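Me: I'd like to learn how to read salt bridges in a protein model. Could you walk me through it?

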Amino acid sequence: MKTKLGIALLAMIALAFVVAAPAAAASVTTTVAWGETVFVGEEGLTFPDIGNDTVVWYSGEKTGAPQGTYKIGTSNYIDSATFAGKTGPWYELGNVSEPAFYVEVPNIDVKAYTVDGKDHTDGSVVKGDELTFRIYSNLYQLFDRAAFDKVNATTGIDISVKDESGTKYVKLVNSSDVNVDITNLITASNPYYIINDDYTIDVWDTEGYSTGVYTFYASCDINNMDDNYAVTGGTVSKVYTVTVAGDTVKIEANKDTVVRNNGFSVTVTAKPNTDYILWIEGSKGVAQPPVIKANQDKVLDGSPVAAWYEISSGTYVIDDTANANNYALITTGSSGTRTIGFATNQSTTDQTYTIRVQQNESYTTAKNDKVKVKVEKGDVTVTASGDASYFLGEEIILTGTNTESGTTYMFLTGPNLELNGQNFDGGEVSTGDKANFTQATVETDDTWEKKWDTRDANLDAGTYTIYALTDAWDKSDLSDATYATVSIVIKKPFITATTSAATVAKGDDLHITGTAEGDPSNVYIWVLGKNYVTAGVGESVEDDATFDYKFKTSSSTAAGQYFVVVQHPMYNGAQDVIAVGDVVTNAISEIDLFKLTGAKSLQGSDAAQALVKAIDSPNIDDTYYKLTFMVEEPWIIIDAIGDRYVGETFTITGTTNFAVGDEMIIEVVSSSFQPTEKTQSSGFSGASGTVLVTESDDGNAFEFAVDASNFKPDEYIVKVEAVEADTTATQVFNVLKAVPTAEPTEQPTAQPTAQPTAEPTEEPTPEATATPGFGALVALIGLGAVAALVLRKD
């Protein structure tokens, strides 16, 4: 996109030249003789020496069909589409013995030189320097045409010069006060063209011009080439600059303030290609001023020569500075600038420094400039990860910033440690002995990080202070140190554990859970009972320090008491008492302690006591937690149910030694339940379902709600079966017919009524007696209910 914009801009510049060009441009001959050169973009050309109206072009051998043809007209345009890719000789059709004309793509460039032969294009000169221009172009061949009148020509190549205000110069004043025309230049066939044919003769004496940035370029508008082929470097050169600077000296710093251990630079702007003296003024008595970086281009430091370094009569720069690397002879470049880098470190004296640059002349008369740069102490910070409270064995991550040095130095103070501090490995630190300090590298963004694994740290529980410093100072030398501190609390790791139940039924599971602080990867579970051993099985510890081990029993597990030891690896993260086969071994001393199985092995409580004693050994850092539980034969007891009635809702309850959460299948079935014929309705009444064992005050329990609305009066059997093991319990109870009760009703007060005369009634004919059915049974029940009401009322 930038390239396209640049081309468009230059095209506009070229167009401006066309508009501004004098009308005389049209007087330039367009006649091209036999064998002469034409340029892509020219128009209105005639070829009087070509007899055939067709010319051809060959890419190689001039045999066979040509690769390009063009029909000559009365006015010819050398267009880019036809000719740009077919440069070189063109031949008259039928005559390939010699070219009728040559085609070239125009090119043009321009450079600004001082009369001493130095190129200052896109550079700078000092006001008063004398300049000339060199034009590089193949357009001299246009001016070499036989029909071109060089003496009376009114057009050619133009050089355009503009100042910062946009003023365009077509003539420049030279050192002889002559106005030199820089337009309509007829270039020669030299490698480059110079006005006056001598680069020692100036065209432009900058003494009479304002300081600032000037732009310049070259262009050619002959035969409308700039319209038709407005390509940068074609008919319009690239736009260049030359800066005319005053004969002054200026120095600027890239930073007003710099933190120690960081660099800074100063830039001198002065006369191009000239020597200047630069030094830190008045630094003689400073312990450690900034230093000039070594091996910089055109910066000669530390080699005083009287003619260069005298700053006053009999006094030299070396007498005003602390060290040889605090002064230098510098040489500006062609642009009139030179940048000089300075370095500081954590030992650089923090103060404001004055850096002076002057001409290599007398101190009192030389042009000079000064700049001040303040060097400050840096800073260091430190923070500890988390809540700054850790169990010994955990990893502590320390982070911070350090703006002064490339290394952060650290030491630790606290209970039973060296008074002036010790490193994280336990060694004593002392000022200046950097190797003995714990260190962290400072990154390019001034941050640092240190990960401290405390598993091997020989620390007591307590509060400790960590010092982070920019250099190796111990606690006794902190008055001159740059440091920060953070407090941490170290705690001893510990373990707690519990079982999911005090008793477990055979075939059920028991969970051993707990918390292991200190960030261990695993704890180790020992379960010891009669003829049973789980020997130090690893169980992973979660990020929240919890663990959960499932102990499975079966019908073959012996009933009785079992002993649990949960082993914590502590500081070294390793299990120091281990089981190798059937032998318990001290992994530190590699001594076998006792057998777990086989002849002369320890069982149950004896094995547990021996294991605890082994972990308590002085050379073992592991700790433990002890538990016991019972394994019992599984049992289920159903509480007495008693007689129940049809339509009643009641709950069957019971107790068990199965674990909380275990499932129980409960069935309530009529004892008279038996298969029925397909034509009969089912004789089944009862209920079934699954319930979970829950915890209660009297142990583990279960309950099952029964709705007897659809029950028939009968004897019922309750069966409770454990899902986890083959254990059942049964009980029998009766469901009786419901005895309905009626609520008493208020008797209305009898009102006296007239006695009607009795009418004789016809005696009904008696019907045959029928066996009472569902309706008669209801009627009987109703009479029974009335009787019951009368009895209750009496």
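Reply: Happy to; we start with the ground rules and then turn to salt bridges. This is a predicted model, where local features need pLDDT of at least 70, side-chain atom pairs count only at pLDDT 80 or more, and totals for chains, interfaces and linings use all residues. Residues are numbered from 1 along each chain as its sequence is written, and side-chain values use heavy atoms, leaving out hydrogens and water.

Me: How many salt bridges are there by this rule?
Reply: In general, side chains of opposite charge can pair when their charged atoms come close. The rule asks for a side-chain nitrogen of Lys or Arg within 4 Å of a carboxyl oxygen of Asp or Glu. By that rule the count here is 15.

Me: Which residue forms a salt bridge with glutamate 404?
Reply: Arginine 260 does, with the closest N and O atoms 2.5 Å apart. Glutamate 404 sits in the loop between β31 (395-401) and β32 (407-413) and arginine 260 in the loop between β18 (257-259) and β19 (264-269), so the pair ties together parts 144 residues apart in sequence. Strands are DSSP runs of E, at least two residues, numbered from the N terminus.

Me: Are glutamate 404 and arginine 260 buried or exposed?
Reply: Both are buried, meaning under 20% relative accessible area (exposed is over 50%, partly exposed in between; 1.4 Å probe, protein chains only). For another case, aspartate 247 and lysine 367 meet at 3.6 Å, N to O. Aspartate 247 is partly exposed at 30%, and lysine 367 is partly exposed at 37%.

Note on methods: Helices (H or I, at least four residues) and strands (E, at least two) are DSSP runs, numbered from the N terminus.
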